[in-house]
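Here are my notes on the structure, as numbered points. Please read them with the model open.

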Amino acid sequence: MNIEFIKLTEATSSHVEKLNVWENDPTLIPLTRPNQNKEEFEHKRIITQDELAQRIEHHHVYLIYLDDKLIGEMNYMVDPDHLYKKESGTAWIGITIGEKEGRGKGVGDMAMRPFRGTDQTSRT
């Protein structure tokens, strides 16, 4: 099993297409975005290529590949503006394993290793 994290530096239509599938997957929605009611849960969210381009300006975004297949993404930002309590050095981290075959293999754990000081993953 080969897991690789590759920094996203350019927003392409194929990346946007895959992110939109994951963004609207009913099994992932409760895990990736807050939902106060059924309407919010069922609301389709469409990410555009421009939105993704803006996102990579403010987030560090890594695509996650398992055996050369795109299975998810990991992102983080330091000192995000959207937090109520502003503490210098605060990080916001998100990991989405969008493809079912990538779940349960320790990918999320591997994504967190650099933040624990035990980086054993490939990041470009």
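1. Start with strand E3. This strand is mostly covered, with 8 of its 10 residues buried. Please keep in mind that the model is a predicted one. E3 spans residues 69–78. One residue of E3 that is not buried is Lys 69, which is partly exposed at a relative accessible area of 38%.

2. Where does E3 sit in the sheet? The sheet is open and has 4 strands in the order E1-E2-E3-E4, paired antiparallel. Its edge strands are E1 (3–7) and E4 (91–97), and each of these pairs on one side only. On average, neighbouring strands are turned by 20° against each other, with direction ignored. E3 therefore has E2 on one side and E4 on the other in the strand order.

3. Next, the pairing of E2 with E3. Strand E2 covers residues 60–66, runs antiparallel to E3 and is joined to it by 7 bridges. Two pairs are worth locating on the model. Ile 64 has Gly 72 in E3 as its bridge partner. Val 61 is partnered by Asn 75, also in E3.

4. The other side of E3 pairs with E4. Here too the strands run antiparallel, and 7 bridges join them. For a landmark, look at Met 77: Trp 92 in E4 stands opposite this residue.

5. What packs on the sheet? Helix H5, residues 107–116, does so, and it touches E1, E2, E3 and E4. The direction of H5 makes about 155° with that of E4.

6. The turn between E2 and E3 deserves a check. The two strands form a hairpin with 2 residues between them. Asp 67 lies in this loop. Its phi is positive, about 50°, although Asp 67 is not a glycine. Asp 68 is found in the loop between E2 and E3 as well. Phi of Asp 68 is also positive, near 70°. Most residues other than glycine have a negative phi. Are these two aspartates buried or exposed? Asp 67 counts as partly exposed at 47% relative accessibility. Asp 68 is exposed, with a relative accessible area of 67%.

7. Now the charged pairs. How many salt bridges does a search of the whole structure find? The count is 8. Side chains of opposite charge can pair when their charged atoms come close. Three of the pairs are taken up in the next points.

8. Lys 69 and Glu 101 meet through their side chains in a salt bridge, at 2.2 Å from N to O. Why does this pair tie together separate parts of the chain? Lys 69 lies in strand E3 and Glu 101 in the loop between E4 and H5, so the pair links parts that are 32 residues apart in sequence. Glu 101 counts as partly exposed, at 36% relative accessibility. Lys 69 is partly exposed as well, at 38%.

9. A second salt bridge joins the side chains of Lys 85 and Glu 87, with an N to O distance of 3.1 Å. Lys 85 counts as exposed at 58% relative accessibility. Glu 87 is partly exposed, with a relative accessible area of 44%.

10. The third pair is in helix H5. The side chains of Asp 109 and Arg 113 meet in a salt bridge, 3.2 Å from N to O. These residues are 4 apart in H5, so about one helical turn separates them. Asp 109 is partly exposed, with a relative accessible area of 37%.

11. There is also a nonpolar patch on the surface. Which residues form it? Ile 93, Ile 95 and Phe 115 do, and together they have about 210 Å² of accessible area. Ile 95 has its place in strand E4. At 31% relative accessibility, Ile 95 counts as partly exposed.

12. Last, follow Ile 95 to helix H2. Thr 32 lies in this helix, which covers residues 29–32. The C-alpha atoms of Thr 32 and Ile 95 are separated by 8.6 Å, while the residues are 63 apart along the chain. Thr 32 is partly exposed, with a relative accessible area of 37%.

Note on methods. Residues are numbered from 1 along each chain as its sequence is written. This is a predicted model: local features need pLDDT of at least 70, side-chain atom pairs count only at pLDDT 80 or more; totals for chains, interfaces and linings use all residues. Side-chain values use heavy atoms; hydrogens and water are left out. Two strands pair if DSSP finds at least two bridges between them. Axes are lines fitted to C-alpha atoms, for helices over the stretch in contact, and angles run from 0 to 180 degrees between N-to-C directions. Contact means heavy atoms within 4.5 Å. A salt bridge is a side-chain nitrogen of Lys or Arg within 4 Å of a carboxyl oxygen of Asp or Glu. Buried means under 20% relative accessible area, exposed over 50%, partly exposed in between (1.4 Å probe, protein chains only). Patches are made of residues with over 30% relative accessible area and no salt bridge: like charges are joined within 9 Å, nonpolar side chains (Val, Leu, Ile, Met, Phe, Trp, Tyr) within 5 Å. Accessible areas come from the Shrake-Rupley method with a 1.4 Å probe; for residues, only the protein chains shown count as cover.
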